[in-house]
Amino acid sequence: MSYDRTVRLRADFDTAVTAVREALADQGFGVLTEIDVKATLKAKLGHDMEDYLILGACNPPLAHQALEADRSIGLLLPCNVVVRRDGDTTLVQALDPGTMVALTGLPALEPIAADATTRLDAALASLT
């Protein structure tokens, strides 16, 4: 089972991060958390790696609906979006919202996941 939705950009990392933030905002997602994996691994382990950022994106109305359907769904929220360097390109990857339905088996989450998928796909498509 594929669990990601991915686009490859010819943009540099910082430009891609800015574009991703704007594309998510245009679809009603705010960024609640940000994990700079590169900086964290360098600081904690002395490990050097490519630019790698995890953005915890949230669309409050969709999150509210999902939590009303299943309080434990918070384990799968927010929607993680990864921006990372891959050679001379930048990958933008979003967790497929359908994963919520596949993991929980709850039909009540299907329309919420479908809406989130439409919005994330629109955000990703706007980047290319």
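A disulfide is counted here when two cysteine sulfur atoms lie within 2.5 Å of each other, and by that criterion the structure, which is a predicted model, holds 0 disulfides. Cys58 is in no disulfide, since the nearest cysteine sulfur, belonging to Cys79, is 7.4 Å away, and Cys79 is likewise in no disulfide, with the sulfur of Cys58 as its nearest cysteine sulfur at that distance of 7.4 Å. Because buried means under 20% relative accessible area, Cys58 at 16% counts as buried, and Cys79, also at 16%, counts as buried as well.

With the cysteines placed, the overall fold can be followed along the chain. The protein contains 5 helices and 5 strands, and read from the beginning of the sequence these elements come in the pattern β-α-β-α-β-α-β-β-α-α. The radius of gyration is 15 Å, close to the 14 Å that the globule rule gives for 128 residues, so the protein is as compact as a globular protein of that length. Along its principal axes, the C-alpha trace spans about 40 × 35 × 25 Å. Among contacts with a separation of 6 or more, 68% are accounted for by residues 24 or more positions apart.

The division between interior and surface comes next. Of the 128 residues in the protein, 38% are buried, while the exposed area of the protein is about 7000 Å², of which carbon and sulfur atoms supply 55%. As for charge, the protein carries 11 positive and 18 negative charges, and the mean positions of these two sets are 4 Å apart.

A good place to look inside is strand β3, which covers residues 52–58 and includes Gly56. Gly56 has a relative accessible area of 0% and is therefore buried. Apart from its neighbours within four places in sequence, Gly56 is in contact with Gly30, Val31, Leu32 and Thr33 on one stretch of the chain, and with Pro78, Cys79 and Asn80 on another. Ile35 stands 21 residues from Gly56 in sequence, and the C-alpha atoms of the two are 8.3 Å apart in space.

One of these contacts of Gly56, Pro78, leads to a feature of the backbone, for a cis peptide bond joins Leu77 and Pro78, with omega at about -5°. Pro78 is placed in the loop between α3 (60–69) and β4 (79–86).

Helix α1, residues 13–26, contains Leu24, which counts as buried because its relative accessibility is 3%. Once the neighbours within four places in sequence are left aside, the contacts of Leu24 are Phe29, Val31, Ala57, Val81, Leu120 and Ala123. Val31 thus appears among the contacts of Leu24 and also among those of Gly56. Leu76, in turn, is 52 residues from Leu24 along the chain, and the C-alpha atoms of these two leucines are separated by 18 Å.

Which class, buried or exposed, does Ala43 fall into? This residue, Ala43, is found in helix α2, residues 37–45, and at 65% relative accessibility Ala43 counts as exposed, whereas Leu24 in helix α1 is buried. The C-alpha atoms of Ala43 and Leu77, which lie 34 residues apart along the chain, are separated by 26 Å; Leu77 is the residue joined to Pro78 by the cis peptide bond described above.

Technical notes
Residues are numbered from 1 along each chain as its sequence is written. This is a predicted model: local features need pLDDT of at least 70, side-chain atom pairs count only at pLDDT 80 or more; totals for chains, interfaces and linings use all residues. Side-chain values use heavy atoms; hydrogens and water are left out. Helices (H or I, at least four residues) and strands (E, at least two) are DSSP runs, numbered from the N terminus. The radius of gyration is taken over C-alpha atoms; the globule rule is 2.2 Å times the number of residues to the power 0.38. Buried means under 20% relative accessible area, exposed over 50%, partly exposed in between (1.4 Å probe, protein chains only). Contact means heavy atoms within 4.5 Å. Accessible areas come from the Shrake-Rupley method with a 1.4 Å probe; for residues, only the protein chains shown count as cover. Lys and Arg count as positive and Asp and Glu as negative; His and the chain ends are not counted. The place of a charge is taken as NZ of Lys, CZ of Arg, CG of Asp or CD of Glu.
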